[in-house]
Amino acid sequence: MTETFPAPEAMPIDLDVEAALDASREARAEALLEFARIPSVSALPEHAGDMRTAAEWVANRLRGLGATDVEVVDTELHPIVYGRIHEADGAPTAVVYCHYDVQPVDPVELWETAPWDPFLRDGRFVGRGVADDKGQLVMHLSALEAMRAAGRRPPVNLTFVFEGEEEYGSESLYRWIDANRDRLAADLAVISDTGFFEGNIPAITVGLRGIMYAQIDVELSPVDLHSGMYGGTVQNPANALATILAALKGPDGRVRIPGFYDDVEPLTQEDRDGLAALPFDDEAYREAIPVSALVGETGFTVLENKGSRPTLDVNGMWSGFQGEGAKTIIPAHAHAKVSTRLVAHQDPAKVFDALQRFVAEVAPPGVTVTTTYLHGGDPSHTHTDHPVTQAAARAIRAVYGVDPVYIREGGSIPVTAAFTSQLGLPVVLLGFAQPACNAHAPNEWLDLDNFERGTRVIVRLWDELAAIPGEGQPPT
Ligand SMILES: [Zn+2]
C-alpha cells in the first residue's frame, strides 16, 4: 500500500473555499446529475442535438463563472467549448481539458436504472458519463465556483477546452488546435480524463504510449496456384509472410528492427523503483486475463512491459484457403496488420520507415512485398520530477494525505500527444475515476468522496502552480 506522508509542508487549505464547498455540496451534486441527464453520445447521429445542448450547458456555466471569450465553436462534427479566465497577471497559464461527450449506453438492459436517469446513492453517482468524463468536468467548474464564492480570483490563468469528440477520435480538435495556437498559448495543460490506480490509490499518469499501425501485403500471382503443379518451384506468399513476421521479434521479446529502440528514453532507476513499489500482483493480473503464462521483453518486469516499453504485435493475418477441409493451393497473396505501441520519444513515421526497410530486407525472393502506413499517434511522457507534476502531487498529498503513485498507461489518450507535440506543453494527467468505474460499460459510477476531494485537489493545484518560483511567464 501507499505510505502516508508526514504533514504536508505546503500552504494551508483555504478555509473560505472550504466553507464555500461545504455550502454547495448539494448544488454541485445536482449539477453533475443534471449534466449527466443530457444524452451527449458523440458516436450516434441521432444525438447531435443533445451534443449541442451539452456544449451550451458547459458554456453557460463558464459564463456564470465570469469566463471571457466563451464560445461554442462549430466544427465538422461536434462543437468545442472554449473560454478563458485570465485574471492573474504574470502567473502561469494552464489549458484545462475535459470532454463532454460520452459512450453509447447499450446494452441498456444491464443498467440498474435508465442510463439517462443518473442518481446518487450510497456514496456513488451512477449514470453514463459520471466518471468519463462529465464528473471531472464538473469538478473543474466547481473548483472555480467555490473560489468565486470565497471572493478569490484563480491564482493562475485558465484556458478551457472542453471537447465533444473524445469518444469518436478527436479529429475536429486536432484541426482546431492547429488553427488556434495563439488562443492556446500556455505554460502547461491539465487533462482530467484518467483515474486512480488499483482500487482507490490516488495517481498521476505520467506516460501514455503512442502507436504506429501498418499493413504488410505479399503478392505472388493474380490467382491461387495448384500446389501439386507449382509447389517447389514458386515462392509461397503465406510462407514468405511467416518468414517476415518471425524476423520482427526475437525469443527474448526484443523487436529486431534495426533502430527501433534508438529514441526510446530508458527507464531511470527512480522510475523503476517507483513502478516496483506499486501494489501490483503479476499472478493476479495473469489470472484475471486469463492466460497460461506471461511473456515480455527480457530484463523488464510485467509492469514495465505493460506501459513503459515499446511493443510489436501482429493484429491480424489472412491468406489462402480458410474453409473446412483441405484445398491444395499456393495462395496468390498473404497479408498482415502489424502495430507497435511506442514510448517517449519514438516517432511513428520514423518507426514505420525502419519497419518498411527491414521488411524489404528480410522478405524472401519471388514475391512482391509492400508495407503501408495506416495510422500513427505520438507517445507522451511528463517526467515525475517536472515542476508541474510535482505541483499536482503536492495538491493530492494535501487533500488525500498520501503521496500519489505515478503510473504509465499502455494505451493512448491522443489529445495528450496533441497538447505536447502540437503545442509543446507539459501535460498533467490528473484524473479521479477509479479503475473499476465501469467507464464505457453499464452502471458507470463515480465515488462521491472522490468527487468532493478531487474538486479540492483542483483548487489546491491552482495555488500550487501559482507558487512555483520562476514558472509564471505571462502568455504571449
Ligand atoms: Zn474520457
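**Exercise 1. Strand S7**

Task: In this predicted model, determine which way the residues of S7 point and whether they are buried or exposed.

Solution.
Step 1. Sort the side chains by direction: Leu 188 and Val 190 point one way from S7, and Ala 189 and Ile 191 point the other way.
Step 2. Check the accessible area against the cut-off, where buried means under 20% relative accessible area. All of these residues are buried.
Step 3. Look at the pairing with S3. S3 and S7 (residues 188-191) run parallel and are joined by 4 bridges. Val 95 stands opposite Ala 189, and Val 96 stands opposite Val 190.
Step 4. Look at the pairing with S17 (residues 427-429). S7 and S17 pair in the parallel sense over 3 bridges, with Ile 191 opposite Leu 429.

**Exercise 2. Strand S3**

Task: Find how many residues of S3 are buried, and state which strand pairs with S3 over 7 bridges.

Solution.
Step 1. S3 spans residues 93-99, and 7 of its 7 residues are buried.
Step 2. Split the strand by face. Thr 93, Val 95, Tyr 97 and His 99 lie on one side, while Ala 94, Val 96 and Cys 98 lie on the other, and both faces are covered.
Step 3. The strand sought is S6 (residues 157-163), which pairs with S3 in the parallel sense. Within this pair, His 99 stands opposite Glu 163.

**Exercise 3. The zinc site**

Task: Identify which residues coordinate the zinc ion, and explain why the arrangement is irregular.

Solution.
Step 1. List the donors: His 99 through NE2, Asp 132 through an OD atom, and Asp 193 through two entries marked OD, at 1.8 to 2.6 Å.
Step 2. Examine the angles. The 4 donor atoms subtend 53 to 152° around the zinc ion. A tetrahedral label requires all angles to lie between 85 and 135 degrees. The arrangement is therefore irregular.
Step 3. Write the sequence spacing of the donor residues, which is H-x32-D-x60-D.
Step 4. Place the two aspartates. Asp 132 lies in the loop between S5 (124-126) and helix H4 (134-149), and Asp 193 lies in the loop between S7 and S8 (203-208), so the pair ties together parts that are 61 residues apart in sequence.
Step 5. Check burial. Asp 132 has a relative accessible area of 11% and is buried; Asp 193, at 13%, is buried too.

**Exercise 4. The antiparallel sheet**

Task: Give the order of the strands in the open sheet of 3 strands, and say which strands stand at the edges.

Solution.
Step 1. The order is S4-S5-S18, with antiparallel pairing.
Step 2. S4 (119-121) and S18 (445-447) stand at the edges; each has a single partner strand, so one side of each is left without a neighbour in the sheet.
Step 3. The twist averages 25° from one strand to the next.
Step 4. S5 and S18 are joined by 3 bridges, and Arg 124 stands opposite Asp 447.
Step 5. Helix H14 (residues 448-466) lies across S4, S5 and S18, running at about 60° to S18.

**Exercise 5. Nonpolar cores**

Task: State how many residues the largest nonpolar core has, and which residues Phe 35 touches.

Solution.
Step 1. The largest nonpolar core has 76 residues. Those with the most contacts inside it include Phe 35, Tyr 100, Phe 125 and Trp 462.
Step 2. Leaving out residues up to four places away in sequence, Phe 35 touches Ala 54, Trp 57, Val 58, Tyr 100, Lys 134, Leu 137 and Val 138.
Step 3. Another core, of 28 residues, lies apart from the largest one; among its members are Met 212, Leu 248, Tyr 261 and Val 367.

Notes: Residues numbered from 1 in each chain as written. Predicted model: local features only at pLDDT ≥ 70, side-chain atom pairs only at ≥ 80, totals over all residues. Heavy atoms only, no water. Buried < 20%, exposed > 50% of the residue type's maximum accessible area, 1.4 Å probe, protein only. Helix = DSSP H or I, 4+ residues; strand = E, 2+ residues; numbered from the N terminus. Pairing = 2+ DSSP bridges. Donors = N, O, S within 2.8 Å, 3.2 Å for Na, K, Ca; no water. Tetrahedral: all angles 85-135°; square planar, octahedral: opposite > 155°, others 65-115°. Axes fitted to C-alpha atoms, helices over the stretch in contact; angles between N-to-C directions. Contact = heavy atoms within 4.5 Å. Core = buried A, V, L, I, M, F, W, Y, C linked by side-chain atoms within 4.5 Å.
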